[in-house]
Amino acid sequence: MKKIIAAAVVASMVVPCFSVSAAERVKEVSSVYGDKSEIHIVYNDKVVKYDDVKPVNTDGRVMIPFRAALENMGASVDYDDSSRLVTAKKGDTTIKFTLMDDTIYVDNNRSESTVKMDTPMIIVDDRTLVPIRFMSNAFGMQVGWDGNTETVVILDADDYFKEFENSAPNISKLLNKETPKYNKEYTAFDVSFDLNNGNSKYSVAANGSIDGKNKDNVAGADVKFNGSLNESSVNDATLNAVVADDKVYFKTDVIEKLAQSSDNAKIKALALIVKSDVWYSIDLNKALTSLGVPTATINIVDSAVGGNTAKAMDTLKSAYQTEGDTDIDTIISLASMFDMYEQMDKYITVTETENGGYSLKMNIKSEDMLNILKNISNISDSDYNQLKNDFKFNISANSKTDATKSTSDANIEVGYADDMSLKMTVSSNAEKDDTIVTPEIPTGAADITDLFVSAIKTKNN
């Protein structure tokens with residue numbers, strides 16, 4: 001069920017003095033686009049304002065008043081006028097430096113260190129300006145520079161996710177649950193999708209089951225289903241898959257069976273390449289990187305396909321707490337996620353049960369989703385009224401989870417006028433089974449990573 005919640009949110013928390021309503025997060029960060037009249041400072045998802053001495057760029061280093069810089073990052077600041085010593089504390093970290101000196105002393109309760117600044121402090125209008133990167137890094141924050149918008153981007157992930165947990169308590173409770181390590185799962189599904197874009201119509205339907213198992217960091221799944229694509233159809237089709245070491249292995253008879261009932265030249269040509277008795281492999285990391293997928297997203301995918309049973313919240317944090325610089329796209333991604341989670345949270349209930357388990361209920365109807373969209377976007381009243389007439393959305397989900405088993409079901413229905421319709425029903429059962437053996441990793445699989453990437457890029461172009 002965690003996967004259902006995560007998939008429902010496109011895929012994100014800041015000191016109280018800069019908090020604004022959830023609807024404004026992405027809007028505020030996006031406000032730096034098109035405005036190059038001054039240097040901007042974005043802390044988490046807030047644009048920090050300086051009313052007196054503005055940030056300046058000196059030899060490629062952005063300098064800002066030291067007190068404003070530290071307080072805007074949530075630190076308490078003490079200044080000794082006689083010694084000119086600045087002491088700033090945030091959480092478990094304390095930094096000290098003397099004005100106009102180039103050394104920062106850092107104490108994070110685990111170790112002490114010193115950092116030499118490569119840019120000297122400067123005086124502007126009787127204010128001492130310090131390099132923002134060194135101040136931020138001293139507190140363990142990620143910093144980046146966006147030259148297109150003249151913006152310094154600071155990500156304090158610890159503060160960001162603390163605020164998130166306060167703003168979306170139900171989803172946070174769910175994400176902070178450690179997933180029991182089940183090794184056997186059975187899922188039944190029934191899905192249909194119809195699309196009418198004016199010139200052409202597409203109709204896809206499938207129903208079947210997924211029998212999954214995992215052991216020793218190797219996951220396997222056997223899929224059986226009946227399906228159709230427009231006038232073509234397949235019965236008793238199979239897909240066998242194994243995931244190990246960041247690679248996805250698969251073999252399937254779907255293409256061959258589709259070709260038997262289809263006059264489509266592309267499908268028939270593809271059937272000459274994809275054989276039902278041959279294993280193929282895709283290097284997931286290589287493919288996602290080649291397609292320009294953000295690092296944070298790749299980290300989350302790696303964790304999911306690797307069978308990580310850690311708390312989903314920890315996985316989410318680690319995806320964004322990477323080494324190196326951050327960027328404005330990462331901040332907007334987090335802000336979008338935060339906005340959506342906070343709006344969805346009111347329609348989700350997570351209840352603690354005995355033995356460390358929990359139950360979940362989610363129910364979102366058309367009117368609810370329209371209100372969510374209105375609160376996280378700039379949708380006009382006229383568009384809202386149009387959607388109210390044409391848009392259909394219903395999702396209900398229930399699950400119960402404890403240390404030994406999990407059951408869940410979900411029903412999703414989305415539609416827009418006569419142009420699009422999606423219906424999906426999914427139910428699953430997962431449990432621990434000591435008799436499971438490690439799925440066998442195929443040998444001699446044909447690597448089609450480059451072909452896969454090329455096909456995706458060609459389709460997008």
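Strands are DSSP runs of type E with at least two residues, numbered from the N terminus, and in this predicted model Asp283 belongs to one such run, strand β19.

**View 1. Asp283 in strand β19 and its surroundings.** The relative accessible area of Asp283 is 23%, and because partly exposed residues fall between the limits of 20% and 50%, Asp283 is placed in that class. When neighbours within four places in sequence are left aside, the residues in contact with Asp283 are Asp246, Lys247 and Thr449. Gln260 stands 23 residues from Asp283 along the chain, and the C-alpha atoms of these two residues are separated by 30 Å.

**View 2. The open sheet of 12 strands.** The strands follow one another in the order β20-β21-β22-β23-β24-β14-β15-β16-β17-β18-β19-β25, and their pairing is mixed. At the edges of this sheet are β20, residues 348-352, and β25, residues 446-447, each of which pairs on one side only. Within the sheet, strand β14, which spans residues 184-196, runs antiparallel to strand β15, which spans residues 201-215, and 13 bridges join the two. Asn196 stands opposite Lys201, a residue of β15.

**View 3. Helices α7 and α13 against strands of the sheet.** Helix α7, formed by residues 254-261, lies across β16 (218-229), β17 (232-244) and β18 (247-252), and its direction is at about 165° to that of β17. Helix α13, formed by residues 366-376, packs on the sheet, where it touches β21 (358-364) and β22 (391-401), and the angle between the directions of α13 and β22 is about 100°.

**View 4. Two aspartates with positive phi, Asp126 and Asp246.** Most residues other than glycine have a negative phi. Asp126, by contrast, has a phi near 65°, and this residue is found in the loop between β10 (122-124) and β11 (127-131). Its relative accessibility is 77%, so Asp126 counts as exposed, the limit for that class being over 50%. The phi of Asp246 is likewise positive, near 65°, and Asp246 lies in the loop between β17 and β18. With a relative accessible area of 31%, Asp246 is partly exposed.

**View 5. The second largest pocket and its lining.** The space in this pocket comes to about 850 Å³. Its lining consists of 22 residues, and those that lie nearest the centre of the pocket are Ile255, Leu270, Val274, Phe452 and Ala455. At least two lining residues come from each of β18, α7, α8 (265-271), β19 (280-283) and α15 (449-460), and with 5 residues α15 gives the most. Divided by class, the lining of the second largest pocket holds 19 nonpolar residues, 1 polar residue and 2 charged residues.

**View 6. The largest cavity and its lining.** The volume of the largest cavity is about 60 Å³. Around this cavity, the lining is made up of Glu38, Ile39, His40, Ile41, Val47, Val48, Lys49, Tyr50, Lys54 and Pro55. The elements that contribute two or more residues to this lining are β1 (40-43) and β2 (46-48). Sorted by class, the residues around the largest cavity are 6 nonpolar, 1 polar and 3 charged.

Definitions and conventions. Residues are numbered from 1 along each chain as its sequence is written. This is a predicted model: local features need pLDDT of at least 70, side-chain atom pairs count only at pLDDT 80 or more; totals for chains, interfaces and linings use all residues. Side-chain values use heavy atoms; hydrogens and water are left out. Two strands pair if DSSP finds at least two bridges between them. Helices (H or I, at least four residues) and strands (E, at least two) are DSSP runs, numbered from the N terminus. Contact means heavy atoms within 4.5 Å. Axes are lines fitted to C-alpha atoms, for helices over the stretch in contact, and angles run from 0 to 180 degrees between N-to-C directions. Buried means under 20% relative accessible area, exposed over 50%, partly exposed in between (1.4 Å probe, protein chains only). On a 1 Å grid over the protein atoms alone, a cavity is a set of points where a 1.4 Å probe fits but cannot get out, and a pocket is an open set with protein on both sides within 12 Å along at least five of seven lines; lining residues have an atom within 4 Å of a point. Grid points are joined across faces, edges and corners, and a volume is the space filled by probe spheres set on the points. Ala, Val, Leu, Ile, Met, Phe, Trp, Tyr, Cys and Pro count as nonpolar, Asp, Glu, Lys and Arg as charged, and the others, Gly among them, as polar.
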